[in-house]
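Hello,

Here is the structure that I promised to pass on to you, with my notes below it. Please keep it open beside you while you read, and take the notes in the order in which they come.

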Amino acid sequence: MKALVSLALLILSGLPSVVGAEKLTVASLNTVLTDIAKNVGGDKIEITAIVKPGVDPHGYEPSPDDIRKISNSQIVLASGLGFETYLNKLRQSVGSMPTFVVAGEAVKPLMGFEEGDHDHGAADHEHKDPSKTPDPHWFHSIRNVKVVTNQIRDAFSKADPANEATYFSNAAAYQAQLDQLSKWVKLELAKLPKSARVLITSHDALGYFARDNGFRVLPVAGFSTSDQPSSKRVAALIQEIRDTKAKAIFAENIENPKILVEITKETGTKLGGAIYADGLGDREANTFDSMMRYNVSTIVKALQ
Amino acid sequence: MRGAPILRLALATILLIVAGIPVWSLTRPVSVPVPVRKAPSAVDSREVVLRLTALPPADSLAVFLLGEMIPAASDGTRTVRLPTDAADLVVRGTWPDSGSACAVRVIATQDSLDILDATLWGDGKIEDVITIPPP
């Protein structure tokens, strides 16, 4: 009897390690990266979304609790390209334990100028950054998301070689889903003539989308939501909107569209709805696929 | 004049009318011609001829510009007037065998020059976009 009880205890004590087989621990600083990681990692990873949907990532700073979670992870997913202004400090503070996978190191960045680099006529013009700055909103390109899917697949496989086959198979299935999404986007946008493809947005977040789909972007502010447009910039934009005869102006899900409402009054252009510019939302755009479909549908409806 | 108020009234009325004529002519409502939207001229657009070849022969094959179907001529070619910048066309086709590979080749010609030669692939069904480049 004693031997049986001992055997049962031995089996029970070994159960947790079998049932909850060691999962790859991942922390994500970007909502789109969280979604890609879930698709690639499936049930082989345990992911902690440090930046949650609906949060403005431009203004986000990690809390001590976030830093503890990141330190305990094997892999940290980040956008790079200046999206996480705290990234270098974070890397120093968490030490060498987590491996950082930075999307901006895999994609070819679009270069642009920050707000303040436009009006060189006046003597009192101000520059925030006179050098060219990379656009950190890489995830508005399906092409880029495909590249980053492979980057994450390879990082997971290296950190957890036992599940490499699963990561490769999951990534291939997700790539096929992205191909379907890409075709759907092309078919939807074919409803718009090229001359109508003008996007007026509150900040410069849709550059990659514009590049892939033949749009021209007229942003009110620069790459960050914290950029404040000068009155000169707003006046120039109003003139550009009149010149291009743009049909609609798009607000963002995490911003106050007050300045856009003012511009619509000045130009007679309508407000085309809110789009997801800095990452996923928590309702109709809670995956990359649904975010892209929501944004494209909103754009087509407003510009048709 | 001092003793003839009726005459003074008549004179004042005449003066008011005379002074009012230029004011009325300046302020009267005038019908402004409504600006007519300029129809696309030959300079704003171009004529492109599309030749589609389906393999195997398709049950149905259609090309759309901004949701409007481009009609096919008796020889199978489709002539469409496009803006001078790039234009997206949607190609839709169905084949009798829904599971097997199928393809459609699209050749676009402008002023006797081929400006696009693209092949779309599918499995019994094709729904895709081709972009006609600017001349």
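Just after α2(A) in this predicted model comes Gly42(A), which has a positive phi, near 55°; helices here are DSSP runs of H or I with at least four residues, strands are runs of E with at least two, and both are numbered from the N terminus. The local features below need a pLDDT of at least 70, side-chain atom pairs count only at pLDDT 80 or more, and totals for chains, interfaces and linings use all residues of this predicted model. Residues are numbered from 1 along each chain as its sequence is written, while chains are lettered from A and ligands numbered from 1 in the order in which they are written.

How many residues of α2(A) are buried? The count is 10 of its 11 residues, where buried stands for 20 or more other C-beta atoms within 10 Å of a residue's own, exposed for 12 or fewer and partly exposed for anything in between, with C-beta atoms placed from the backbone. Among these buried residues are Val32(A), Leu33(A), Ile36(A) and Val40(A), but also Asp35(A) and Asn39(A). Their cover includes the strands β1 (24-28), β2 (45-49) and β3 (75-78) and the helices α5, α6 and α10 (288-303) of chain A.

Two of those helices also meet each other: the axes of α6(A) and α10(A) come within 10 Å and cross at roughly 5°, the axes being lines fitted to C-alpha atoms over the stretch in contact, with angles from 0 to 180 degrees between N-to-C directions. That makes α6(A) roughly parallel to α10(A), since angles under 35 degrees count as roughly parallel, over 145 as roughly antiparallel, 65 to 115 as roughly perpendicular and the rest as oblique. Leu181(A) and Val185(A) are among the residues of α6(A) in this contact, and Met292(A) and Val296(A) are among those of α10(A); two residues are in contact if their C-beta atoms, placed from the backbone, lie within 7 Å.

On a wider view, chain A is assigned domain 1 (20-116 + 130-182) and domain 2 (190-303), with bounds that come from an automatic or database domain assignment. The contact between these domains takes 29 residues from domain 1 of chain A and 28 residues from domain 2 of chain A, and α2 (31-41), α5 (142-159) and α6 (164-189) each supply at least two residues of the domain 1 side.

Chain B touches chain A as well, through a contact of 11 residues from chain B and 10 residues from chain A, and β5 (87-94) and β8 (125-132) of chain B each supply at least two residues of the chain B side. Ala86(B) lies in the loop between β4 (78-83) and β5 of chain B and touches residues that include Lys194(A) and Gly214(A). Is Ala86(B) buried, exposed or partly exposed? Ala86(B) is partly exposed, because 13 other C-beta atoms lie within 10 Å.

Lastly, a word on confidence: chain A averages a pLDDT of 85, and 84% of the residues score at least 70, on the predictor's scale of confidence in each residue from 0 to 100. Over residues 7-19 of chain A pLDDT stays under 50, and the model has 0 contacts there beyond four places in sequence, whereas residues 115-128 of chain A, also under 50, have 17 such contacts. Where pLDDT is low, the predicted coordinates should not be read in detail.

Best wishes
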